[in-house]
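Biologist: Can you walk me through reading a pocket and a helix face?

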Amino acid sequence: MERGNNINRARMLISCPDQPGIVAAVSHFLFEYGANIVQSDQYTMDPEGGMFFIRIEFDLEELANRAEKLKQDFASVAEKFSMDWSLSLASQKKRIAIFVSKEDHALLELLWHWRAGDLNADIAMVISNHPDMQSLVEPFGIPYHHIPVTADTKDEAERRQLEVVGDQVDAIVLARYMQIVSPSFIKHYANRIINIHHSFLPAFVGGKPYAQAHNRGVKIIGATAHYVTEELDGGPIIEQDVQRVSHRDNVEDLKRIGRHIERIVLARAVSWHVEDRIIVHNNKTVVFN
């Protein structure tokens with residue numbers, strides 16, 4: 001998998017109404033620019049009147065100096081096909097902020113991936129409504145911000161969070177952050193907030209979902225990573241995974257297995273986001289992985 005360390009590599013994401021000539025037009029434009037396409041993935045929802053999606057990686061000499069001109073020149077192609085598109089440079093790592101509460105498993109997985117070089121991003125900061133994770137985070141050299149949240153101070157806490165995060169990051173990861181994010185906060189980072197939760201929803205709503213699942217004798221448990229929208233846990237799904245369980249597994253076993261799946265699923269989702277592998281359309285995602 002491309003890790004974004006090529007200074008002359010770019011990624012282009014395109015979505016538009018499906019019609020003949022899209023691939024030819026994009027390929028011809030890049031050819032005329034002297035670019036070399038190294039990977040191309042595409043998907044069409046419905047050849048008759050549906051949407052078309054494509055992700056292209058290409059190499060172009062002196063990319064950093066030519067990227068803005070390339071964007072300007074490509075605008076005419078995009079207009080012709082009514083494209084929603086973006087261009088990013090693989091050498092410019094995305095910056096993420098991680099929000100966490102008291103559970104450390106999802107946070108640790110991201111930190112380990114980052115330290116090993118498997119997460120192609122910069123972790124700009126960790127923000128928590130509790131001080132518990134500070135001693136875990138600081139040895140990584142990552143700033144830690146403790147911003148308490150109560151029912152009476154939630155608005156003020158979000159204001160402080162926005163001040164700290166501002167426009168310094170490209171994405172926010174809720175690594176078991178046990179607070180509901182307000183609509184105004186979500187709007188500021190639309191399709192850039194990633195959450196992880198167990199996959200029992202909507203079956204077992206509320207507290208102690210694993211106890212509820214155990215009492216029902218569930219045979220499969222899992223986790224879901226999704227973009228955050230105003231609909232609680234109802235945003236576009238990025239990744240999911242499951243594992244079979246049995247009557248031999250008690251509640252603690254289910255929690256342990258659930259934590260393991262959450263770690264893996266969230267790490268995948270964040271990696272795909274920072275590598276520009278996801279296009280959001282309505283309440284669904286197209287993931288090129």
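Biologist: Which strands each supply at least two residues of the lining of the second largest pocket?

Modeller: Rolling a probe the size of a water molecule over the atoms shows where empty space is left. Here, S1, S4 (84–89) and S12 (278–281) each supply at least two lining residues (strands are DSSP E runs of at least two residues, helices H or I runs of at least four, numbered from the N terminus). A pocket is an open set of 1 Å grid points where a 1.4 Å probe fits, with protein on both sides within 12 Å along at least five of seven lines; lining residues have an atom within 4 Å of a point. Mind that this is a predicted model: local features need pLDDT of at least 70, side-chain atom pairs 80 or more, while lining totals use all residues. Numbering runs from 1 along each chain, and side-chain values use heavy atoms, without hydrogens or water.

Biologist: Which residues are closest to its centre?

Modeller: Of 16 lining residues, those are Leu-13, Ser-86, Asn-191, His-273 and Ile-278.

Biologist: And helix H1, which of its residues are buried?

Modeller: An α-helix has 3.6 residues a turn, so residues three or four places apart point the same way. In H1 (22–33), Ile-22, Val-26, Phe-29, Leu-30 and Tyr-33 are buried (under 20% relative accessible area, 1.4 Å probe, protein chains only). Down the axis they fall within an arc of 95 degrees (directions from axis to C-beta atoms), so they line one face. On the other side, Ala-24, Phe-31 and Glu-32 are exposed (over 50%).

Biologist: What do the buried ones pack against?

Modeller: S1 (9–17), S2 (36–44), S3 (51–59) and helix H2 (63–80), with contact meaning heavy atoms within 4.5 Å. Just after H1, Gly-34 takes a positive phi of about 90 degrees.

Terms used:
Expected span 1.5 Å × (residues − 1).
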